Protein chains: 2
Amino acid sequence: MGLTIKQVSEKYNIPANTLRYYEKAGVIPPVTRTASGIRDYSEEDIAWVENAKCMRAAGLSIESLIEYLRLYKEGDSTIRERKELLSQQRDLLIAQKKQLEETINKLDYKISRYENALKTGKLTWE
Amino acid sequence: MGLTIKQVSEKYNIPANTLRYYEKAGVIPPVTRTASGIRDYSEEDIAWVENAKCMRAAGLSIESLIEYLRLYKEGDSTIRERKELLSQQRDLLIAQKKQLEETINKLDYKISRYENALKTGKLTWE
DNA sequence: CGTTGACTTTGAGTTAACTCTAAGTTGTAT
DNA sequence: ATACAACTTAGAGTTAACTCAAAGTCAACG
């Protein structure tokens with residue numbers, strides 16, 4: 001009915017071993033299994049994978065994802081804590097974004113100097 | 001005349017060991033030394049440290065910084081290559097920034113859902 | 001002149017996040 | 001039925017980037 005680990009692996013370009021690792025480590029909840037114990041990813045399972053991929057791509061730690069899932073499993077009593085956790089992570093990403101913009105500007109400046117050097121045949125200053 | 005390793009370490013909040021590591025690995029050029037061989041960071045040395053810190057904070061690999069310095073040392077004949085290297089790194093950062101923005105949006109959405117849940121006492125949907 | 005504290009080097013150890021191996025089981029195609 | 005690929009697990013190995021330890025040198029202060 002759902003997707004095999006291989007299909008999920010290909011769809012999201014995440015190695016099957018990494019998907020198993022995420023499950024075992026508690027980054028995503030236990031995946032639905034067939035009668036014979038084979039992983040059979042439901043839409044919900046897939047949504048967790050997609051979320052993990054997105055968060056990891058932005059640099060959130062495995063640890064914070066594990067902590068989030070732990071709180072999630074505990075139910076409604078952890079809503080405030082979960083919100084706090086996400087806010088903290090959001091703040092980290094905002095800071096990262098600022099750093100990134102700063103560095104991109106520096107690179108742009110250096111690149112334009114090199115472009116100028118290539119046109120005129122020499123660096124304008126060092 | 002210049003700064004000691006400790007002063008640079010404190011000014012940029014980089015452990016002294018890491019400064020030595022950067023120098024040894026070729027992330028920054030060999031630092032000016034006193035007659036007795038002690039590091040005595042000149043303004044130029046410090047500019048390299050500052051640059052390394054900025055690039056690393058944005059996520060550039062040590063390897064790419066080493067490669068850049070290698071080209072830099074070779075002189076003007078590598079200007080095109082250096083420009084290419086910086087452009088590639090810039091493109092990586094642009095992509096990272098996009099990913100970051102996407103993830104921040106997702107987090108903002110989730111956070112607003114939790115805030116709503118905290119006000120109304122329950123999650124509006126799952 | 002001795003000791004203190006910052007410096008030096010080489011090289012081993014740590015951490016996060018995978019990534020792979022080995023050994024074994026199962027579903028499917030001939 | 002039999003072979004073969006894809007699955008399973010536990011656990012060891014890898015990589016990047018530090019991070020620390022050990023052993024030794026050196027300038028300056030009391």
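**Exercise 1. Phosphate contacts of strand C**

Find how far a polar side-chain atom of Arg56(A) lies from a phosphate oxygen of DNA strand C.

Solution. Start with Arg56(A): the distance is 2.8 Å. A polar contact is a pair of N or O atoms within 3.5 Å; within protein, one must be able to donate a hydrogen and the other to accept it, and residues adjacent in sequence count only if both atoms are side-chain atoms. Next, take Tyr22(A): an N or O atom of its side chain is 3.0 Å from a phosphate oxygen of DNA strand C. Then switch chains: for Arg20(B), a polar side-chain atom is 2.9 Å from a phosphate oxygen of this strand, DNA strand C.

The model is predicted: local features need pLDDT of at least 70, side-chain atom pairs count only at pLDDT 80 or more, and totals for chains, interfaces and linings use all residues. Side-chain values use heavy atoms, without hydrogens and water; residues are numbered from 1 along each chain as its sequence is written, while chains are lettered from A and ligands numbered from 1 in the order in which they are written.

**Exercise 2. The surface near strand C**

State which residues come nearest to DNA strand C, and which element gives the largest share of the surface near it.

Solution. Count as near any residue with a heavy atom within 4 Å of the strand. There are 17 residues around DNA strand C, and Tyr22(A), Ser36(A), Arg56(A), Arg20(B) and Arg39(B) come nearest. Look at the DNA side: 75% of the atoms of DNA strand C within 4 Å of the protein are sugar and phosphate. Now assign elements, where helices (H or I, at least four residues) and strands (E, at least two) are DSSP runs, numbered from the N terminus. At least two residues each come from α2 (16-25) and α4 (62-74) of chain A, and from α1 (5-12) and α2 (16-25) of chain B. The largest share, four residues, is that of α2(A).

**Exercise 3. Strand D**

Work out which residues are closest to DNA strand D and how the surface near it divides by class.

Solution. DNA strand D is surrounded by 16 residues, the closest being Arg20(A), Arg39(A), Asn17(B), Tyr22(B) and Arg56(B). Sugar or phosphate makes up 74% of its atoms within 4 Å of the protein; bases supply the rest. Check the phosphate oxygens: polar side-chain atoms lie 3.0 Å away for Tyr22(B) and 2.8 Å away for Arg56(B). Ile62(B) uses a polar backbone atom, at 3.4 Å. Two or more residues of the surface come from each of α1 (5-12) and α2 of chain A, and α2 and α4 (62-74) of chain B. The most, four residues, come from α2(B). Sort by class: Ala, Val, Leu, Ile, Met, Phe, Trp, Tyr, Cys and Pro are nonpolar, Asp, Glu, Lys and Arg charged, the others, Gly among them, polar. The result is five nonpolar, four polar and seven charged residues.

**Exercise 4. A helix pair**

Classify the packing of α1(B) and α2(B) as roughly parallel or roughly perpendicular.

Solution. Axes are lines fitted to C-alpha atoms, for helices over the stretch in contact, and angles run from 0 to 180 degrees between N-to-C directions. For α1(B) and α2(B) the angle is about 105°, and the axes are 9 Å apart. The two helices are therefore roughly perpendicular (65 to 115 degrees; under 35 is roughly parallel, over 145 roughly antiparallel, the rest oblique). Ile5(B), Val8(B) and Ser9(B) of α1(B) meet Ala16(B), Leu19(B) and Arg20(B) of α2(B), with contact meaning heavy atoms within 4.5 Å.
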